[in-house]
Amino acid sequence: MTLTNNNLKGIHLFAPIIQLGFLEQNNILKEKYVPLILSNYYDNPNQSPDWNIHTSYNQEHLQKNKLNWDYIINEYTPYIENSINAYFKEATLWDIVGTPWYNVYGNNQSASQHSHAPDQFSFVHFLQFDPQSHNSLTFVNPQLNMIKYLHSVHPILRDGMNNYEELTTFKEEYSPEIYEGSIIIFPSYLEHYVRQSISNQLRITIAFNFNIK
């Protein structure tokens with residue numbers, strides 16, 4: 001087929017896709033989970049094996065309040081299945097890897113750059129989040145070294161493309177717009193981090209990984 005300006009077709013070529021959504025039941029989940037999470041947080045605001053945050057990741061045995069994840073996983077399930085249908089165009093069996101965990105960020109707390117590999121997909125729910133005070137999740141371009149080189153040689157790729165929110169091919173990083181109740185589903189190999197908080201209001205997320213069977 002000969003392409004002209006009138007019939008160009010865009011293809012996402014080897015491009016990771018993140019999916020954004022909103023959890024309608026967020027207020028119900030806040031009432032059920034936030035008091036228990038905050039009780040754990042105030043016991044030890046820096047409970048983490050490697051970061052300056054409070055987390056339940058590999059720390060549940062140290063916490064007085066053990067969260068029952070069954071209820072919240074049931075609420076997440078339709079979103080995961082919609083995500084899988086969008087990726088594979090059909091219903092596909094899946095499993096959560098291990099158990100979910102939560103992260104709490106207070107003032108001056110942050111998460112270093114990391115990925116969730118070797119798992120396949122990751123899910124993050126912004127259970128308590130103030131867009132005016134809190135930082136989004138920042139994704140790092142998998143081809144960062146190449147992009148930095150291209151920016152130095154062709155600054156228009158940096159300066160011009162930054163004017164277009166969804167054109168991320170030549171961006172070094174991308175931070176989606178997030179609200180309380182937002183969810184993000186993304187390939188687990190995508191490296192990401194959370195910038196240092198400068199708010200005394202606590203930022204709370206729930207996360208887990210899942211694999212296709």
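The bend at a residue is the angle between axes fitted to the seven residues ending there and the seven starting there. In this predicted model, helix α2 bends by about 35° at Y76. A proline, P78, follows that position within four residues.

**Helix α2**

Helix α2 covers residues 70-88, 19 residues in total. From its first C-alpha to its last it reaches 26 Å, close to the 27 Å expected at 1.5 Å a residue. The bend at Y76 is therefore to be read beside an end-to-end span that is close to the expected one.

The buried residues of α2 are I72, E75, Y76, T77, Y79, I80, S83 and I84. Y76, where the helix bends, is thus listed among the buried residues. The buried residues of α2 pack against two kinds of element, strands and a helix: the helix is α1 (26-43), and the strands are β1 (19-22), β3 (94-105), β5 (121-128), β8 (182-187) and β10 (203-212). After α2 comes K89, with a positive phi near 60°.

**The six-stranded sheet**

Six strands form an open sheet in the order β1-β8-β5-β10-β3-β2, with antiparallel pairing. At the edges stand β1 and β2 (54-55); each has a single partner strand, so one side of each is left without a neighbour in the sheet.

Strand β10 sits between β5 and β3 in the strand order. With β5 it pairs in the antiparallel sense over seven bridges. In that pairing, Q128 has I204 of β10 as its bridge partner, and the partner of S122 in β10 is N209. With β3, strand β10 pairs over nine bridges, again in the antiparallel sense. Y102 stands opposite I206 of β10. Nine of the 10 residues of β10 are buried, so the strand is largely enclosed by the rest of the structure. Strand β10 is also one of the elements against which the buried residues of α2 pack.

**The four-stranded sheet**

A further open sheet has four strands in the order β4-β9-β6-β7, and its pairing is antiparallel. Its edge strands are β4 (111-114) and β7 (173-174), each pairing on one side only. Strands β6 (residues 138-140) and β9 (residues 192-194) run antiparallel and are joined by two bridges. T138 has Y193 of β9 as its bridge partner.

**Loop residues**

F129 lies in the loop between β5 and β6. Its relative accessible area is 5%, and F129 is buried because this value is under 20%. Leaving aside residues up to four places away in sequence, F129 touches H134, N135, S136, I178, Y179, E180 and R203. F129 and T205 are 76 residues apart in sequence, yet their C-alpha atoms are 8.2 Å apart in space.

Two asparagines, N58 and N108, have a positive phi although neither is a glycine. The table sets out their values.

| Residue | Loop | Phi | Relative accessible area | Exposure |
|---|---|---|---|---|
| N58 | between β2 and α2 | about 60° | 55% | exposed |
| N108 | between β3 and β4 | near 70° | 41% | partly exposed |

N58 counts as exposed because its relative accessible area of 55% is over 50%. N108, with 41%, falls between the cut-offs of 20% and 50% and is therefore partly exposed.

The loop between β4 and β5 holds P118. The peptide bond from A117 to P118 is cis, with omega near 15°.

**The largest pocket**

Rolling a probe the size of a water molecule over the atoms shows where empty space is left. In this model, about 860 Å³ of space lies in the largest pocket. The lining of the largest pocket has 25 residues, and the closest to its centre are A15, P16, E166, T168 and T169. Strands β6 and β7 are the elements that give two or more residues to this lining. Both strands belong to the four-stranded sheet, where β7 is an edge strand.

Notes: Residues are numbered from 1 along each chain as its sequence is written. This is a predicted model: local features need pLDDT of at least 70, side-chain atom pairs count only at pLDDT 80 or more; totals for chains, interfaces and linings use all residues. Side-chain values use heavy atoms; hydrogens and water are left out. Buried means under 20% relative accessible area, exposed over 50%, partly exposed in between (1.4 Å probe, protein chains only). Contact means heavy atoms within 4.5 Å. Two strands pair if DSSP finds at least two bridges between them. On a 1 Å grid over the protein atoms alone, a cavity is a set of points where a 1.4 Å probe fits but cannot get out, and a pocket is an open set with protein on both sides within 12 Å along at least five of seven lines; lining residues have an atom within 4 Å of a point. Grid points are joined across faces, edges and corners, and a volume is the space filled by probe spheres set on the points.
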